[in-house]
Amino acid sequence: MKNKTVLVTGGTRGIGAAISKNFLEQNATVIAVATSEKSCSKWLTEMQQAGFKKAETKICDVADFAACQKMVASIITKHRRVDVLINNAGITRDTSLKKMTKENWDQVLHINLDSMFNVTKPVLDIMLEHNFGRIINLSSVNAQKGQFGQTNYAATKAGIHGFTKSLALETARKNITVNTVSPGYINTEMMADIPAEILAKIVEQVPVGRLGEVDEVARVITFLAAVESGYITGSNVSINGGLHMY
C-alpha cells in the first residue's frame, strides 16, 4: 500500500477506525472522514501518538453531494489521486415500520445509501483518469437475512449490493474493482452498550460462539484493496461467524 491514498468514510470510530489503522500499518496515506471535529481530532491525535505520520482527516456530511465534491477535490489537489475508497459511513434508526417516522427513514437512506453516490461519483472520476482503483462498500448481514425493526437499515444495506455489482460491471475493464463486505455482529462500542443478557442471546445465535473483531473485518478489506486482488470484483464477502450462509 506504499504510495497509495485511501479514503475511509466513517473512518474514525468502530470498524472504520480499524480499517483506517490497518491501511496506515501498510504505509498508505489514509484520510478518515467523519462529521464531528471532535471525533476527527481524537482519532488523529491517537494515530500521531502511535507514530503514523500519514494519517489525515476530513470533516464532511456524506449525505451532502456538494460537500462530498468539495472534499474529494481538496484531496485531489493535495494527493493527486484516490486509489482506494472505503464506503463505511452508516447509521441506524431502529424501530418497527409501524412506529417509524419519515425522518427515521430519510436519515438512514441519506447517510447509508445516498452517500454511496455522493462520495463514489467524484472519486470514480479520478480513478478512471488513472486507470486504477479499489472501491469497497460496507453492507451488513441484515441486508441478506433481514432484521426486526430495521426495514430502513436493511433496505439501504441491500441496495449497496446492487450498487456494487452494477458499478463493478461498468469499471471492470478500467482496472477498478468494486466489492462489498458484509459484517455480522462485531465487537464495537455500539455492541458494548447492549445489556449483557441481550448480548448473550445474540452470541448464542452465532455458530462460532462469539462476536467478530474489528481487525477481522479490516484485514479482509485490505486484502480486497491490494493490487494483487484485481480479479475479484462484484463480490460480497460475509464476515458473520456463520450466522447467515447462502
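These are my notebook entries on the sheet, one helix pair, the pockets and the cavity of this structure.

**Entry 1: the model.** I am working with a predicted model, and I kept that in mind through every entry below.

**Entry 2: the sheet.** I began with the strands and found seven of them forming an open sheet, in the order E3-E2-E1-E4-E5-E6-E7, with parallel pairing. I then looked for the edges, and they are strand E3, residues 55-59, and strand E7, residues 236-239, each of which pairs on one side only. From one strand to the next I noted a twist that averages 20 degrees. Going closer to one edge, I saw that E2 and E3 run parallel and are joined by five bridges. As one example of residues facing each other here, I wrote down valine 30, which stands opposite alanine 55 in E3.

**Entry 3: helix H4 and the sheet.** Next I asked which strands H4 lies across. The strands are E1 (5-9), E4 (84-87), E5 (133-138) and E6 (176-183), and relative to E4 the helix runs at about 175 degrees.

**Entry 4: helix H4 and helix H3.** I followed H4, residues 102-130, to its contact with H3, residues 65-79, where the two helices pack at an angle of about 35 degrees and their axes are 8 Å apart. The crossing in which H3 passes H4 is right-handed. I listed the residues that meet: H3 brings Phe65, Cys68, Gln69, Val72 and Ile76, while H4 brings Phe117, Asn118, Val119, Lys121, Pro122, Val123 and Ile126. Sorted by class, the residues of this contact are nine nonpolar, two polar and one charged.

**Entry 5: the largest pocket.** I turned to the open spaces and recorded about 1400 Å³ for the largest pocket. Its lining has 43 residues, and those that lie nearest the centre are Gly90, Ile91, Thr92, Tyr153 and Met190. Two or more lining residues come from each of these elements: helix H1 (14-25), strand E2 (29-34), helix H5 (141-145), helix H6 (151-171) and helix H7 (189-192). I also noted the classes in this lining, which are 19 nonpolar, 19 polar and five charged residues.

**Entry 6: the second largest pocket.** For the second largest pocket I wrote down about 270 Å³ of space. Among the residues that line this pocket I found Arg13, Lys42, Trp43, Glu46 and Glu189. H1 and helix H2 (37-49) each supply at least two residues of the lining, and I then asked which element gives the largest share. That element is H2, with four residues. The lining of this second pocket divides into four nonpolar, four polar and four charged residues.

**Entry 7: the cavity.** Last, I asked how many cavities of 30 Å³ or more a search of the whole structure finds. The search finds one, and about 40 Å³ of space lies in this cavity. Its lining is made of Thr9, Asn87, Asn88, Ala89, Asn112, Ser115, Met116, Leu138, Lys157 and Ile160. The elements that give two or more of these residues are H4 and H6, and H4 gives the most, with three. By class, I counted four nonpolar, five polar and one charged residue in the cavity lining.

**Entry 8: looking back.** Helix H4 came up several times in these pages: H4 lies across four named strands, E1, E4, E5 and E6, packs with H3, and contributes to the lining of the largest cavity.

Methods:
Residues numbered from 1 in each chain as written. Predicted model: local features only at pLDDT ≥ 70, side-chain atom pairs only at ≥ 80, totals over all residues. Heavy atoms only, no water. Axes fitted to C-alpha atoms, helices over the stretch in contact; angles between N-to-C directions. Left-handed = near helix turned anticlockwise from the far one by under 90°. Contact = heavy atoms within 4.5 Å. Nonpolar A, V, L, I, M, F, W, Y, C, P; charged D, E, K, R; others polar. 1 Å grid on protein atoms, 1.4 Å probe; cavity = no way out; pocket = protein on both sides within 12 Å on 5 of 7 lines; lining within 4 Å. Points joined across faces, edges and corners; volume = space filled by probe spheres on them. Pairing = 2+ DSSP bridges.
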